[in-house]
Structure formats: C-alpha cells, structure tokens
Amino acid sequence: MQRLLVTGGAGFIGSNFVHFVVEHTDHLVTVLDKLTYAGNLESLAGLPAERVTFVKGDIADASVVDPLVAASDVVIHYAAESHNDNSLHDPRPFLDTNIIGTYVLIEAARKHGKRFHHISTDEVYGDLELDDPERFTEETPYNPSSPYSSTKAGSDLLVRAWVRSFGLQATISNCSNNYGPYQHVEKFIPRQITNVLDGIRPKLYGKGENVRDWIHANDHSSAVLAIIEKGRVGETYLIGADGEKNNKDVVELILTHMGQPADAYDHVVDRPGHDMRYAIDSSKLRDELGWSPKYSNFDSGIEATITWYRENQDWWRPQKAATEAKYTEQGQ
Ligand code: NAD
Ligand code: DAU
C-alpha cells in the first residue's frame, strides 16, 4: 500500500486513474486539483472516503504543494491545461500550470526525496505524414506545434533535467489520445456525442483527414500503474494501443451508433497548425514491463462511451451551452 498524490485528479484522465486505483489496488489517494473549468468533483463521486481525500489547490502554489508531497510516497502529475484550441486563443494559463506548476512539484519532490511520475502527451513529438511508415518512439526528437504541446514539451524537459542534475526519482510517460467517461465536452469525441444528443450536427475540423491514435482511459491507467511499479527511474515510456483512426471515420462511427445518417455532420474551419497524424510505438512499455491494452475494441468502446454520456447528462450539461457558444464564436 502506498500513498499516492494525484494532481489533476478531478479532470478526465486523472479521475479515471483514481477510480482505477481504488478498484485494482489498495493504495491511498490524495487528489490535488484547482477545479478549473475542466475539473469536476462529480467525477470522483461515490469513491470511498477512507481511500480518497480531495484537496482544492493550485500546483503552482508551493505552500499547498510542499506538505502534500512530504506526506506522500509517489506523486503522479496529471494536472494541466489540456486543450489545444484554448491554448491557441489564450496561451498564458498553459505556461502558468504546465511549466511553473510542474516546476513547483518537482522542486517539492526533490526536496522530500519522493518518487515522481510525469504524465505527458505524444504531441511533444509534433506530427507524422499520413503515409509515413514510422511511428513515434522514445527516441523521436521533440517538435511541438501548439502552445499546449510546447508547454508539455517544456515540462518534460524540466523533469529530465531534474533527473540528471538533481537525481530526481522520476519517470515520464507520453500517451496518445484518450477516450472514455468523464471527458470534458470541449474534446472531440464527447463534443460530437453530446451534439447528437442535443440535435446539433457534429463538427469536423477541415477535411477530417487528421489521424489520432485512440486509447481507452483505463488502458492509460493500467500503463501508469505498471510504470510506477516496475518502470526504471529516469526513463520515458510511450503509451499507445494501436488505435489509429481519422476524425471522419470516428464521427461516422458515432453517428451510426446513435441511429443517424453517417454523413449528418458539418465541416468547419480548421485548427491553425493542426497536427496531421499521431501514432505510437509502445514496444518499450510492452516488452520491458509486460503491459498490454485490454480495451482495444474501439467500436464497443465508443458504444459504451455514448451510453455513458446518454446516462450522465447531469454531469456534462452544465458545461455544454457555454462550450458550444465559445466554439460558435470561433467559427468551429
Ligand atoms: P483535463 O483538462 O480533463 O483535466 C485537467 C485537470 O487539471 C482538471 O481537473 C483541472 O482542474 C486540473 N488543473 C488545471 N490546472 C491546475 C492547477 N494549476 N493546479 C491544480 N489543478 C489544475 O485534462 P486531461 O485530458 O485529463 O489530461 C490530463 C493529463 O494527461 C494532462 O497532463 C495531459 O497533458 C495528459 N494527456 C492527455 C491526453 C488526452 O487524450 N486527454 C493524452 C495524453 C496525455
Ligand atoms: O494526443 C494526445 C492529446 O490528445 C492530449 O495531449 C490533449 O490533451 C488532448 O486534448 C488531445 O489533443 P487533440 O487536439 O488531438 O484532441 P481534441 O479532442 O481537441 O481533437 C481531436 C481531433 O479532432 C483533432 O484532430 C481535432 C479534431 N476536432 C476536434 C474538435 C473539438 C474536430 O474535428 N472537431 C471538433 O469539434
């Protein structure tokens, strides 16, 4: 049994991780989350109070972070500003949280000699051509495109420097696009599902040719647990489940599962600098740590996700109108 400090545990992937930990381990969890627009305490509803403690606070505030890190065995750092589109309109919060916030956390982990795991993204590697036979590996050079991905790249490099110069006991994982329950309606898959539920046509950026490498949030969680338990300190592990799909195919799948004509969507203005394709080679994680994904049937995963959004309208409805109003203003 270990005491885990999970930053960003009220967000999409962090909350899925907390549920996963409670179900599959005997670890105790403290969640540190600022509850920005993306955080939702309802995502942690129903979890046992003797296993999960919630603290509202900013990871960039050392006076909050320091005692929490001191009282934990492992810090798992999910908290971030996470949405590319937001970063293109207002980059500043991305620097404050993703760069300064990570700095404050690794300083506390260094001071108290704690194990640290940094959650990052495949977007730090930039993008691939549609016909490129290569996929991202741990050796791919960093080449981020957006303010979001460049701040994530910066945070990865801070962690690497703290490992090398200060002996920080850290690992890093870079995962591909997650889907599943508790994802904010600003993101692609929940936006389209909730649009259809509200009688709004799904919105596809540009031609919809862009490819994302989808993984279920539970598979991300099991990979992170494997890295904490068996990963080598100082190493980076890529997490992916061989789930490449283009956006058009995903929208058509959602529409079909929801009983609509497959072409009942609109093309809208493209994202500036829109990365064309992400694809992960997760051989290192699989070969070294024996991890494999268990939720790789995308079709049934999407069906279950549609059901979750249909049955949990109280969870997402408070965010929906404002999110769509913002997109409409941006022509998206
Ligand atoms: P999210 O936006 O759903 O959740 C982020 C959480 O962090 C929210 O609960 C928010 O309140 C909290 N937060 C933001 N700023 C904070 C601050 N200053 N202090 C404390 N808490 C703060 O994001 P997500 O999609 O769950 O992503 C979580 C992590 O996983 C991020 O680091 C992201 O880069 C990474 N990641 C995401 C994906 C994906 O597909 N969503 C894929 C790979 C990696
Ligand atoms: O690859 C990992 C990354 O995946 C994470 O680091 C990010 O935090 C996470 O948000 C996600 O980034 P993307 O930009 O790929 O995700 P998003 O859901 O915003 O968009 C997925 C794809 O769908 C992308 O090609 C843009 C497109 N899109 C998005 C929206 C919101 C549309 O076509 N229509 C939309 O309405």
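In which sense do β4 and β5 pair, and over how many bridges? Let us start there and then visit the other close-ups of this predicted model.

**View 1. Strand β4 pairs with β5 and with β1.** To take up the opening question, β4 and β5 run parallel to each other and are joined over 4 bridges. One contact to look for is His-77, whose bridge partner in β5 is His-118. Strand β1 (residues 3-7) also pairs with β4 in the parallel sense, again over 4 bridges. Here Val-6 has Ile-76 of β4 as its bridge partner.

**View 2. The side chains of strand β4 point two ways.** In a regular strand, side chains alternate between the two faces of the sheet. Along β4 (residues 74-77), Val-74 and Ile-76 point one way, while Val-75 and His-77 point the other way. Are these residues buried or exposed? All of them are buried.

**View 3. Ligand 1 sits in a shell of 28 residues.** The residues that come nearest are Ile-13, Asp-33, Ser-82, Tyr-148 and Lys-152. By type, the shell divides into 12 nonpolar, 12 polar and 4 charged residues. Helix α1 (12-24), strand β5 (115-121) and helix α5 (147-166) each supply at least two residues of it. Which element gives the largest share? That is β5, with 3 residues, the strand you already met as a partner of β4.

**View 4. Polar atoms of Asp-33, Lys-34 and Lys-152 approach ligand 1.** For Asp-33, a polar side-chain atom lies 2.6 Å from an oxygen atom of the ligand. Lys-34 takes part through its backbone, where a polar atom is 3.0 Å from a ligand nitrogen. Lys-152 brings an N or O atom of its side chain to 2.7 Å from an oxygen atom of ligand 1. On its own, ligand 1 has 840 Å² of accessible area, and the protein covers 96% of that.

**View 5. Asp-96 and Arg-92 form a salt bridge within helix α4.** The structure holds 19 salt bridges, and in this one the closest N and O atoms are 3.0 Å apart. Asp-96 and Arg-92 are separated by about one helical turn, because they are 4 residues apart in α4 (residues 92-112). With a relative accessible area of 31%, Asp-96 is partly exposed, whereas Arg-92, at 57%, counts as exposed.

**View 6. A salt bridge between Asp-198 and Arg-317 links distant parts of the chain.** The N to O distance in this pair is 2.8 Å. Asp-198 belongs to the loop between α6 (188-197) and β8 (203-205), and Arg-317 to helix α11 (residues 313-329), 119 residues apart. Both partners are partly exposed: Asp-198 at 32% relative accessibility and Arg-317 at 35%.

**View 7. Asp-266 and Lys-203 join in a salt bridge between two strands.** Their closest N and O atoms are 2.9 Å apart. The pair links strand β13 (residues 266-268), home of Asp-266, with strand β8, home of Lys-203, and the two residues are 63 residues apart. Which side of the burial cut-off does each fall on, buried or partly exposed? Asp-266 is partly exposed at 25% relative accessible area, but Lys-203 is buried at 16%. Elsewhere, Arg-232, Glu-235, Lys-284 and Glu-288 are joined into one network by salt bridges that share partners.

Key. Residues numbered from 1 in each chain as written. Chains lettered and ligands numbered in written order. Predicted model: local features only at pLDDT ≥ 70, side-chain atom pairs only at ≥ 80, totals over all residues. Heavy atoms only, no water. Near = heavy atom within 4 Å. Polar contact = N/O pair within 3.5 Å; in protein donor to acceptor, adjacent residues only side chain to side chain. Areas by Shrake-Rupley, 256 points an atom, 1.4 Å probe, with all protein chains shown as cover. Nonpolar A, V, L, I, M, F, W, Y, C, P; charged D, E, K, R; others polar. Salt bridge = Lys/Arg side-chain N within 4 Å of Asp/Glu carboxyl O. Buried < 20%, exposed > 50% of the residue type's maximum accessible area, 1.4 Å probe, protein only. Pairing = 2+ DSSP bridges.
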